[in-house]
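Me: Hi! I'm new to this one, so could you show it to me and take me through how its parts get their descriptions?

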Amino acid sequence: MVNCCGLITANKDPVPLKSIEVELEVRDHVATVVSTLNYENKEDKPLEAVFVFPLPGDAAVCHFSAQIGQTQIVAEVKEKQKAREEYDDALSSGQQAFLLEESEQSPDIFSLSVGSLPPGESASIRLDYVTELAVQADDGLRFCLPAVLNPRYQPLGSGGSGGVQVTSVPASLVPYSLSFSARVSSPRPISKVESSCSLDPLQYLNSEQTQATIKLAAGHKFDRDVELLIYYKDAHQPTAVVEAGQASAELGSLMGDPVVMVSLYPEFPQSVMSSVASCGEFVFLLDRSGSMDCPINNSKQQETRISSARDTLLLLLKSLPMGCYFNIYSFGSSYEHIFPKSVEYSQQTMEEALKKVGEMGANLGGTEILSPLQHIYSQSCIPSQPRQLFVFTDGEVGNTKQVLDLVKKNSGSHRCFSFGIGEGSSSALINGLAKEGGGHAQFITGTDRMQPKVMQSLRFALQPAVVDISVTWDLPKGVSVTVLSPPITALFQGQRSLIYAQLTGQSPKAAEGCVTVKYSLAGHPSQNQLRFSLKPAEDTGSTVHRLGARTLIRSLEMEERERRGQPDGGLKEKVVQLSVQSGVSSSFTAFIAVNKADGEAIQGPLVRRNIPIAWMGVPPINLCSFSTQNAMACGAPMSDEPEMAFGVLRGLDLCGGAPTTVMPKQPPRDPLLQLVSLQQASGCWLLDPALSAALGKTSEEVDKSKPAPVNSDVWATVLALIWLHGFKKDAKEEWELLAMKAASWLRSQNAPCLTECVEAGNALLGCSMQKDVLGL
């Protein structure tokens, strides 16, 4: 094999992408990202390079330019078909051209075509985008730079285009480098920045610690996304940012008027949030595609995503309240359900569900999530049992927009909590499910454990619902407001809402505006009120305007899809007009740049090259020779053919997920899960040898220590609670809800001698727990 400084594909073709540089500018809850992609054509003929790459699902591309030698070309936003025609015309006439467009099926996938790069020439492509930062359950703001593009599973007959190709090479062999740096600023002090990747130490830029810089450590491998978690002090304090309109834009237009961004992240009273609902319909939807058999992370090769999901379902089922309803669906290329419809939670239904969960393997093929969602939504809701949907997936789907449209259509009857498992999970899908379903999104990456994150979301689902939400604006005479964001339909602990609004008209100097959000929580009326200056203190760029434009564009696009086949009132034209005016990408527009500077045509036939993307150590798949026999578990050897059509996977999945009958591996059980598995649906434990073994004692020791007047089930439950609090305090988030259920059961028994029982339990287990700590 010819060695060309590592810049080769598996087909021995030179690779024109040499390096990627990323600069991140974080301002409070939003960010601007500047990416520079450096190309070099080492071939002896003109080249067309095609690079397919992921962006955060909420991102809005707002600048695209190219530097060829001393010439800089800035792209314009145009209607997509016109942009494509202009690109093709430029190539056919020998001109350099660049085309950037969003995928038709998924808003977080972009395709960049670099056309007519002459032999020996270098090109530097700059791409800017703005994005909101998602809030995690621990108050951290999450930024993710997707370094990994997994193939998108395109359901058969969905009409997705297979025209764009993705070349796969092992992550360690991706022949281009990445440098990444970030600058963070906020009105509040920055307490810390964490990452699953190695970082250089955080550098504060001022004594107030409101500004800081951070860099990715040298030697980063393309085996994971670059994820930052940013933490501020006083995280729940509401903020408002007013951004001046562009002087060059027309007054009265979105870009010409000031735009305000209000950040609401309310913290509800602990007295209210400690109460747990005793009703609800809980529907769990689990991905069982082939890639779920991959390790949950690189450091725990023996623990697979599917085994972690099974353990998580055990905790979830044990934590549900008596009197609720539940069901479990699983999906791949097809889907299954444990019960024909949701059933009441009882000892019998819980045991039946757990038995079937224990048999679940990653053996259902591809990642077709739309069909099970349609089936779930076709089931009638149960009166007085609010529906809560939990979706677990590591997969990528090519029909993201269709899935999110379905969730939004049914958002009035349920809340959706979503969990992205593993590197490269689609932020558009995971964040979109939660956003359109009024729930909360979580990402399980790096060394994260799935269980605590999922149990945090269950706590949200069990907390009282917020109702009667209203947003009112109080502005000076002569100033009117146009809200760009959709109405707030849900507010709960851990949820942040960003409201964008256009301010039109003139106001007196130094005038103030006020926004008030009112809501009712468990019968208690509350409100958040925020005053803000209508005059920006300084030129803060156009980040807020562009995010406001993107919010409005996404709403109009969704409305256009809902009306497809009917008169849409010119919605597509409105999107194109807004996209062109704001310079923000949409599904109906594209960025086009043509180099007309020297007028000299580039000679020779144009050769197309597809730039390889990191796949997470997954071998390439040859569609032509693929068979069920060779589609085995992760890491099985497959064909050396590197190229796969984007969106043409049929009935298979990443990691070779064709349907198989391989039973799930059963590693030794964790002591915590062993104890939890013995809990009854009512919340109590039974006194038997299995419990004694889980507590690390013999049956004789346990029986001998029991106070005489105490009921055996009360004794067993007190012992389990003491063990959890005494030995598993670091995992409290995982067992807290089921422990609350156990304490509630104990209180309902009115058991005599409970203090004596706790003292005897402490003596037996070597602990010193007080009754109040146990919830008694």
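Reply: Happy to! Two strands count as a pair if DSSP finds at least two bridges between them. Keep in mind that this is a predicted model. With that rule, an open sheet of 4 strands appears in the order E10-E11-E17-E14, paired antiparallel.

Me: What makes strand E10 and strand E14 stand at the edges?

Reply: E10 (134-135) and E14 (190-195) each have a single partner strand, so one side of each has no neighbour in the sheet.

Me: How do you know that E14 pairs with strand E17?

Reply: The rule asks for at least two bridges, and 5 bridges join E14 to E17 (residues 226-232), so the two count as paired. They run antiparallel, and serine 195 stands opposite leucine 228 in E17.

Me: Why is H5 called roughly parallel to H6?

Reply: Angles under 35 degrees count as roughly parallel. Helix H5 (residues 370-378) and helix H6 (residues 400-409) pack at about 10°, with axes 10 Å apart, and that angle makes H5 roughly parallel to H6.

Me: Which residues of H5 and H6 meet?

Reply: Leu370, Leu373, Gln374 and Tyr377 in H5 meet Gln402, Val403, Leu406 and Val407 in H6. By class, this contact has 6 nonpolar, 2 polar and no charged residues.

Me: Which members of the largest nonpolar core touch the most other members?

Reply: Phe282, Phe284, Phe392 and Trp685 do, in a core of 82 residues. Helix H14 (residues 712-727) gives the largest share of this core, 10 residues. Apart from it lies another core, of 49 residues, including Val135 and Ile190.

How values were computed: Residues are numbered from 1 along each chain as its sequence is written. This is a predicted model: local features need pLDDT of at least 70, side-chain atom pairs count only at pLDDT 80 or more; totals for chains, interfaces and linings use all residues. Side-chain values use heavy atoms; hydrogens and water are left out. A nonpolar core is a set of buried Ala, Val, Leu, Ile, Met, Phe, Trp, Tyr and Cys residues joined through side-chain atoms within 4.5 Å. Buried means under 20% relative accessible area, exposed over 50%, partly exposed in between (1.4 Å probe, protein chains only). Axes are lines fitted to C-alpha atoms, for helices over the stretch in contact, and angles run from 0 to 180 degrees between N-to-C directions. Angles under 35 degrees count as roughly parallel, over 145 as roughly antiparallel, 65 to 115 as roughly perpendicular and the rest as oblique. Contact means heavy atoms within 4.5 Å. Ala, Val, Leu, Ile, Met, Phe, Trp, Tyr, Cys and Pro count as nonpolar, Asp, Glu, Lys and Arg as charged, and the others, Gly among them, as polar.
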